[in-house]
Amino acid sequence: MDDEGLMLVLNILEVAGVGKRRTGLKMNVYDAILRMSLFSDGMLLFYGLCGNLLKDIEEDFKYLECPLVLLRDSEGNIVDDCICAALGGKKAFMEKIKEFRGERVFMLTPMWAANWEKMVVANGFARSLETLEESKLVFRAARYARVAKVNTGLNYQQNFESRVREFAAFYDFGITELKTDNVLFEKCYSELKNSLMASA
C-alpha cells in the first residue's frame with residue numbers, strides 16, 4: 001500500500017505453452033479480468049491487441065463497474081503488442097523497423113526470451129519441443145538474420161542475456177540490443193491512478 005492509500009495487485013499470467021489455440025490466451029486473460037474485477041477499483045491490462053486477439057476486450061467488459069484500461073500510445077491508440085508497448089507505440093515501432101534498413105530482425109522481450117522454446121511452439125513455428133529444429137526453416141523462410149534484445153530495464157526474468165544468446169546461437173542470428181523506456185507504461189498507470197484518486 002502506498003502513501004495515498006492505494007494497493008497495487010499484480011496478476012502475472014502464464015502464457016507460454018498455450019499451444020496453437022490462441023483462444024487459450026484469450027480465455028486466460030478474460031478469466032483473470034473477471035476474477036480481478038471482484039476486488040478491484042480499476043485494472044490496467046499489460047497486453048496489446050495481440051494480433052487482434054483482444055480487439056473486442058473493451059466492448060466485452062464495458063459492463064464492469066471498475067475501469068479496464070489498456071496500454072495506449074501518446075496518440076491514444078491501443079498498442080499492437082508487447083514490443084510496440086516497450087518501444088512506445090506503433091509509430092515508434094515503425095521508426096525502429098526503418099532503422100533496420102530492410103533487414104529482418106526478430107524481437108525478443110524478457111518474457112519471450114525466458115520461454116523461447118515454448119513460445120516458438122505456441123506460435124506455430126514448430127509442432128512440438130521435440131521438433132524444434134523445424135522452426136529453423138520457418139525463420140529462414142521469413143529471412144530473419146538478427147535478433148533484437150528488447151531491453152526494458154526491468155529485471156523480472158532471470159538470465160535474459162544468456163537466453164537471448166542461446167536463441168541467437170540456435171538460429172545462427174546476430175544480436176542487436178534495443179534499449180527502451182517505460183514512459184508508455186508509466187503514463188497509462190498514472191492516468192488510471194489519477195482517475196481513481198479523483199473519484200475516491
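## Tyr47, tucked into a loop

Tyr47 is buried, at a relative accessible area of 18% (buried means under 20% relative accessible area, exposed over 50%, and partly exposed in between, with a 1.4 Å probe and protein chains only). Its place is the loop between β1 and α2 (57–60); helices (H or I, at least four residues) and strands (E, at least two) are DSSP runs, numbered from the N terminus. Asp80 sits 33 residues from Tyr47 in sequence, yet the two are 8.4 Å apart in space, C-alpha to C-alpha.

A word on the ground rules: this is a predicted model, where local features need pLDDT of at least 70, side-chain atom pairs count only at pLDDT 80 or more, and totals for chains, interfaces and linings use all residues. Residues are numbered from 1 along each chain as its sequence is written, and side-chain values use heavy atoms, with hydrogens and water left out.

## The overall build

Nine helices and five strands make up the protein. Reading from the N terminus, the elements go α-β-α-β-α-α-β-α-α-α-β-α-β-α. The radius of gyration is 18 Å, close to the 16 Å that the globule rule gives for 200 residues, so the protein is as compact as a globular protein of that length. (The radius is taken over C-alpha atoms, and the rule is 2.2 Å times the number of residues to the power 0.38.)

Along the principal axes, the C-alpha atoms fill a box of roughly 55 × 35 × 30 Å. Of the 200 residues, 39% count as buried. As for contacts (heavy atoms within 4.5 Å), take those with a separation of 6 or more: residues 24 or more positions apart account for 68% of them.

## Two nonpolar cores

In soluble globular proteins, nonpolar side chains tend to be buried together. Here the largest nonpolar core has 20 residues, and Leu71, Met107 and Leu178 have the most contacts inside it. (A nonpolar core is a set of buried Ala, Val, Leu, Ile, Met, Phe, Trp, Tyr and Cys residues joined through side-chain atoms within 4.5 Å.) At least two residues of this core come from each of α3, β3, β4 and α9. Apart from it lies another core, of 19 residues, and Tyr47 turns up again there, with Val29, Leu64 and Leu70 also among its members.

What does Met107 touch, not counting residues up to four places away in sequence? The list runs Ile83, Leu87, Phe93, Ile97, Phe100, Ala148, Val150 and Leu178.

## Strand β3 and its partner

Four of the five residues of β3 (residues 104–108) are buried, so this strand is largely enclosed by the rest of the structure. Strand β4 (residues 144–151) pairs with β3 in the parallel sense, over five bridges; two strands pair if DSSP finds at least two bridges between them. In that pairing, Arg104 stands opposite Tyr144 in β4.

## Helix α9, one face in and one face out

Helix α9 (residues 183–199) has 17 residues and reaches 24 Å from its first C-alpha to its last, close to the 24 Å expected at 1.5 Å a residue (the expected span being 1.5 Å times one less than the number of residues). Its buried residues are Leu184, Phe185, Cys188, Leu192, Lys193 and Leu196. Seen down the axis, they fall within an arc of 160°, so they line one face of the helix; the arc is that of the directions from the helix axis to the C-beta atoms. Val183, Asn194 and Ala198, on the other side of α9, are exposed.

The buried residues of α9 pack against β1 (43–45), β2 (68–70) and α3 (82–87). Leu196, at 18% relative accessibility, is in contact with Asp41, Gly42 and Pro67, leaving aside neighbours within four places in sequence. Leu196 and Asp41 are 155 residues apart along the chain, with their C-alpha atoms separated by 7.4 Å. Just ahead of the helix, Asn182 is found in the loop between β5 (174–179) and α9. Asn182 counts as buried at 19% relative accessibility, and its contacts beyond four places in sequence are with Thr152 and Leu154.

## Two positive phi values

Most residues other than glycine have a negative phi. Arg143 goes the other way, with a phi near 65°. Its place is in the loop between α7 (134–141) and β4, and Arg143 is exposed, with a relative accessible area of 58%.

Asp172 also has a positive phi, of about 60°. This residue lies in the loop between α8 (160–171) and β5, and Asp172 counts as exposed at 69% relative accessibility.
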